[in-house]
Amino acid sequence: MSPIHTLRRHRVAALLGAALIVSPFALSFAPRLNDVLAATVTPPVTGMTAPRGSFAPVVAADKPAVVTITTVMKVQQPDTMSDASPFGGNSPFDDYFRRFFGDQGLPAPKTPPEQAPRTEALGSGFIVGADGMIVTNNHVVDGAQSVKVMLDDGTELPAKLIGHDTKNDLAVLKVNAGKPLPTVKWGDSDKLMPGDQVLAFGNPFGLGTTVTAGIVSARGRDLHSGPFDDFIQIDAPINRGNSGGPLTDVYGDVVGINTAIFSPNGGSVGVGFAIPSDQAQKVVAKLMKGGSIQYGYLGVQIQPVTPDVASAIGLDHPTGVLVAQVSDGSPAAKAGIETGDVITSFAGQDIKDPRDLSRAVADVAPGTREALNVWRKGKSLQISVEIGRNEDDTATGSVTGDSGQPSTGQGLRAPALGLGLMDVTPDVRQAMNLPENQHGALVERVDPNKAASASGIQPGDIIVGVDQTPVRSARQANQAIVQAAKSGKKSVLLLVERGDAQMFVAVPFASG
């Protein structure tokens with residue numbers, strides 16, 4: 001089970017208790033510690049710190065705009081016991097499953113829809129429009145049959161889902177309170193620095209609106225939960241039920257949306273994550289207008305430019321993203337983007353890593369024409385591309401061979417890399433279920449003590465390009481690697497196919 005947890009909480013009956021232990025030694029030591037701190041204090045650096053030593057004014061101003069969100073979801077029932085439990089292993093609903101279906105595999109009569117069991121889940125949100133517009137996480141309301149919002153004064157109102165976005169994990173709700181509601185305003189998350197103080201609002205465990213304080217621990221965290229991960233890491237305690245609650249700066253402005261925690265036990269261990277307000281605000285504005293978001297689509301598989309890759313292709317320093325594959329018929333293919341290109345800028349924005357390009361393309365409306373700069377075989381080119389619509393197309397591009405004839409040689413060894421290569425013969429194609437037009441050099445052996453193994457090359461990989469030049473056989477691949485070594489390069493760039501994926505691997509040359 002992943003230690004990254006979203007913060008929606010299933011409601012369970014529980015008795016919560018707490019004990020407070022105060023050390024007399026700590027109390028007697030406090031004045032002495034304050035004297036030391038007062039004598040050694042230095043002017044603070046530019047950043048955000050608690051005004052006048054208390055957050056009470058901020059809490060008083062923002063708390064009325066924080067809401068609790070209750071969702072009702074239907075528990076799915078399997079038709080027969082022959083199917084696996086639909087709730088997965090160790091699910092809280094497994095007992096329910098067994099109670100209805102037993103251990104003998106006998107199906108139970110179907111329950112009418114109106115009598116189907118339901119479960120409630122709790123989350124948090126905050127009001128951004130006096131007319132009742134509320135922001136929360138998508139995972140708080142995902143799959144809900146109905147949604148209720150409880151205001152800070154205890155008023156419960158039915159809520160309508162205005163729009164949601166799975167990729168950014170954001171949703172917008174609307175309630176009709178019959179009167180203007182208190183709101184919070186957006187802040188500027190780009191100004192946040194590690195060490196700045198922040199406040200996290202929400203309803204953990206259904207206890208009621210709660211506020212905790214902490215600092216920004218880090219910026220730009222990628223949890224691999226979506227294509228736009230750019231989380232603010234905080235140490236303010238947040239727990240299940242905090243999802244969708246606002247993260248504010250010391251002025252009470254919303255700089256993030258509490259979304260997830262890193263925890264081996266499901267509770268707070270001081271590592272939480274929030275969506276930056278600068279990212280969320282743009283998405284929320286679109287959701288309020290149209291209910292859904294259309295993301296731009298380029299149609300390339302990309303990877304970072306490492307120092308070894310930069311050395312292999314002649315770049316002065318690692319920058320941009322390397323195009324590992326271009327999807328057939330995609331906007332990138334139509335514009336002339338090629339496998340091996342390094343995209344260094346898009347729409348006037350410098351591209352430093354894959355996340356930069358993913359976000360930049362996604363923010364462009366389909367049908368818009370933009371310019372991008374690429375580094376191709378030692379030259380910088382500008383290409384105009386019409387951005388398509390992202391519909392989660394999984395089609396991959398194909399690699400065309402050169403005009404050379406396949407070699408019949410087998411078992412060739414690439415110098416210094418520790419690779420044993422062989423041709424992709426008809427027998428190999430049949431055994432590996434490869435298409436008839438598949439060519440390249442099959443990696444037969446990898447010396448575990450050589451550079452290729454350290455770079456991640458595996459037996460069964462197919463090398464289809466060396467230093468951005470296609471190869472059709474083991475001999476061509478071997479000759480290209482030899483030529484790269486003779487040219488004085490520190491590494492060679494291999495284009496590798498592994499299953500349905502294609503990627504570049506820079507392998508440094510080593511002696512022996």
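Colleague: Why is arginine 376 called buried?

Modeller: In this predicted model, arginine 376 has a relative accessible area of 18%. Buried means under 20%, so arginine 376 is buried.

Colleague: What makes glutamate 338 and arginine 376 a salt bridge?

Modeller: Their closest N and O atoms are 3.5 Å apart. The rule asks for a side-chain nitrogen of Lys or Arg within 4 Å of a carboxyl oxygen of Asp or Glu, so the pair counts as a salt bridge. It links distant parts of the chain: arginine 376 is in strand S21, and glutamate 338, 38 residues apart from it, is in the loop between helix H7 (331–335) and strand S19 (342–346). Glu338 and Arg376 also belong to a network of salt bridges with Asp341.

Colleague: Why is glutamate 338 called partly exposed?

Modeller: Its relative accessibility is 38%. Partly exposed lies between the buried limit of 20% and the exposed limit of 50%, so glutamate 338 is partly exposed.

Colleague: How do you know that lysine 63 forms a salt bridge with aspartate 152?

Modeller: The closest N and O atoms of lysine 63 and aspartate 152 are 2.9 Å apart. The cut-off is 4 Å, so this pair is a salt bridge. Lysine 63 sits in the loop between helix H2 (56–62) and strand S3 (66–74), and aspartate 152 in the loop between strand S6 (146–150) and strand S7 (156–158). By the rule, the count comes to 8 salt bridges.

Colleague: Lysine 377 is found in the loop between strands S21 and S22; what makes it exposed?

Modeller: Lysine 377 has a relative accessible area of 60%. Exposed means over 50%, so lysine 377 is exposed. Its phi is near 50°, a positive value in a residue other than glycine.

Colleague: Aspartate 467 also has a positive phi, about 50°; is it buried or exposed?

Modeller: Aspartate 467 has 17% relative accessibility. The limit for buried is under 20%, so aspartate 467 counts as buried. This residue lies in the loop between strand S27 (462–466) and strand S28 (469–470).

Colleague: How do you know that the span of helix H11 agrees with what is expected?

Modeller: Helix H11 has 13 residues, 474–486. At 1.5 Å a residue the helix should span 18 Å, and its end C-alpha atoms are 18 Å apart, so the two agree. Among the buried residues in H11 are Ala474, Ile481 and Ala484. Just after H11, glycine 488 takes a positive phi of about 90°.

Notes:
Residues are numbered from 1 along each chain as its sequence is written. This is a predicted model: local features need pLDDT of at least 70, side-chain atom pairs count only at pLDDT 80 or more; totals for chains, interfaces and linings use all residues. Side-chain values use heavy atoms; hydrogens and water are left out. Helices (H or I, at least four residues) and strands (E, at least two) are DSSP runs, numbered from the N terminus. The expected span of a helix is 1.5 Å times one less than its number of residues. Buried means under 20% relative accessible area, exposed over 50%, partly exposed in between (1.4 Å probe, protein chains only).
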